[in-house]
Amino acid sequence: MSEIDLRRLVIKAFHMNEVKMGDTCDVKMNGQFTVSKDIIPGLLEKYDEIENIDINLIAPGDHDRYTNTIMDIIPISTKVLGKCGEGITHTITGVYVMLTGVDTEGKQAHEFGSSEGNLKDMLRLNKAGTPGDHDYIISFDVLFKKGQGQERKGCLEAHSACDEFIQVYRDKLKKFDGNKCTERHEYHDTVRPGQKKVLIIRQVAGQGAMYDTWMFPKEPSGVEGGKSIIEMGNVPIMLTPNEYRDGAIRSMQ
């Protein structure tokens, strides 16, 4: 029997060449990316357990600096057509978002171990899911109210606030002309009758406040619309290869 093509995922990447602080959060198809702190007051009004937020830009090579605990490294990607694992996704290269957190008493956001310290020692570059040597990092640093860096509500608020910040760029990225992308990758979920069936098992966190995993958010590697694996009972979940590629799993550590 011939191969059966179940679904297709196309990821179109747009590389950013000029990244700087500015008056508004903006991204342009010509490679210009602007980061602004203007969004912070609106976020602080929405989230009760967050005392303050600071947003800064870390240039390539500028990693000899202090960082609070790294809660996540997040790509800027968005669905343009279809649902998670199929259709078209637009993503940005050259820029990642880094979510960090500490509370007003100086206690780092962590359960079993924190990662504050010199960024060059705490972050491994050029690995799957981490920035490369030439990438910019947007530091989204959350200051929790006392004790909230170890509480589930506080941690979820930090992830949600960061997700709202990223959504500003996603909404603009959706409108980019896909024909003008700098990279294009096409992936197929294919059944090959008579061949070996391969199943990869991945154990994800589902233990508590900072050890949770969300599945199937509305946006790739997003928060909104995601389902907690804890609330689903920590049961096994089947994913297609393309769902995995398309950001169906969001670590909430």
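This passage describes the overall build, the nonpolar cores and several individual residues of a predicted model.

The secondary structure of the chain consists of four helices and 16 strands. The chain is as compact as a globular protein of its length, because its radius of gyration of 19 Å is close to the 18 Å that the globule rule gives for 253 residues. The C-alpha trace spans about 65 × 45 × 35 Å along its principal axes. Buried residues make up 49% of the 253 in the chain. Of the contacts between residues at least 6 apart in sequence, 74% join residues at least 24 apart.

The exposed surface of the chain comes to about 13100 Å², of which 48% is supplied by carbon and sulfur atoms. The side chains include 32 positive and 38 negative ones. The centres of these two sets of charges lie 7 Å apart.

In soluble globular proteins, nonpolar side chains tend to be buried together. In this model the largest nonpolar core has 35 residues, and Phe33, Val97, Ile138, Phe140 and Phe165 touch the most other members. Two or more residues are given to this core by each of strand E4 (32–35), helix H1 (40–46), strand E5 (50–58), strand E7 (69–74), strand E10 (95–103), strand E12 (136–144) and helix H3 (152–173). The greatest contribution comes from H3, with eight residues. Another core, of eight residues, lies apart from the largest one, and its members include Ile73, Met98, Leu119 and Ile137.

Phe33 illustrates how parts of the chain that are separated in sequence come together. When residues up to four places away in sequence are not counted, Phe33 touches Met16, Glu18, Val19, Lys20, Asp26, Val27, Ile76, Ile92, Val95, Ile138 and Tyr169. One of these partners, Glu18, lies in strand E2 (residues 18–21). Glu18 has a relative accessible area of 34% and is therefore partly exposed, since this class covers values between 20% and 50%. The C-alpha atoms of Glu18 and Phe33 are 6.1 Å apart, and the two residues are separated by 15 residues in sequence. Beyond its neighbours up to four places away, Glu18 touches Gly31, Gln32 and Phe33.

Gly94 is found in the loop between strand E9 (87–93) and E10. With a relative accessible area of 4%, Gly94 is buried, because it falls under the 20% limit. Outside its neighbours within four places in sequence, Gly94 is in contact with His15, Asp135 and Tyr136. Gly94 and Val19 are 75 residues apart in sequence, with a C-alpha to C-alpha distance of 8.8 Å.

Gln203 is placed in the loop between strand E13 (183–191) and E14. The relative accessible area of Gln203 is 78%, over the 50% cut-off, so this residue is exposed. Gln203 and Tyr66 are 137 residues apart in sequence, and their C-alpha atoms are 31 Å apart in space.

Backbone torsions were also examined. Most residues other than glycine have a negative phi, and most peptide bonds are trans. Phe216, which is not a glycine, has a positive phi of about 55 degrees. Phe216 is found in the loop between strand E14 (213–215) and strand E15 (227–228). Its relative accessibility of 28% makes Phe216 partly exposed. Asn234 is also a residue other than glycine with a positive phi, near 55 degrees. Asn234 lies in the loop between E15 and helix H4 (241–245). Asn234 is partly exposed, and its relative accessible area is 43%.

Definitions and conventions: Residues numbered from 1 in each chain as written. Predicted model: local features only at pLDDT ≥ 70, side-chain atom pairs only at ≥ 80, totals over all residues. Heavy atoms only, no water. Rg over C-alpha atoms; globule rule 2.2 N^0.38 Å. Buried < 20%, exposed > 50% of the residue type's maximum accessible area, 1.4 Å probe, protein only. Contact = heavy atoms within 4.5 Å. Areas by Shrake-Rupley, 256 points an atom, 1.4 Å probe, with all protein chains shown as cover. Lys, Arg positive; Asp, Glu negative; His and termini not counted. Charge placed at Lys NZ, Arg CZ, Asp CG, Glu CD. Core = buried A, V, L, I, M, F, W, Y, C linked by side-chain atoms within 4.5 Å.
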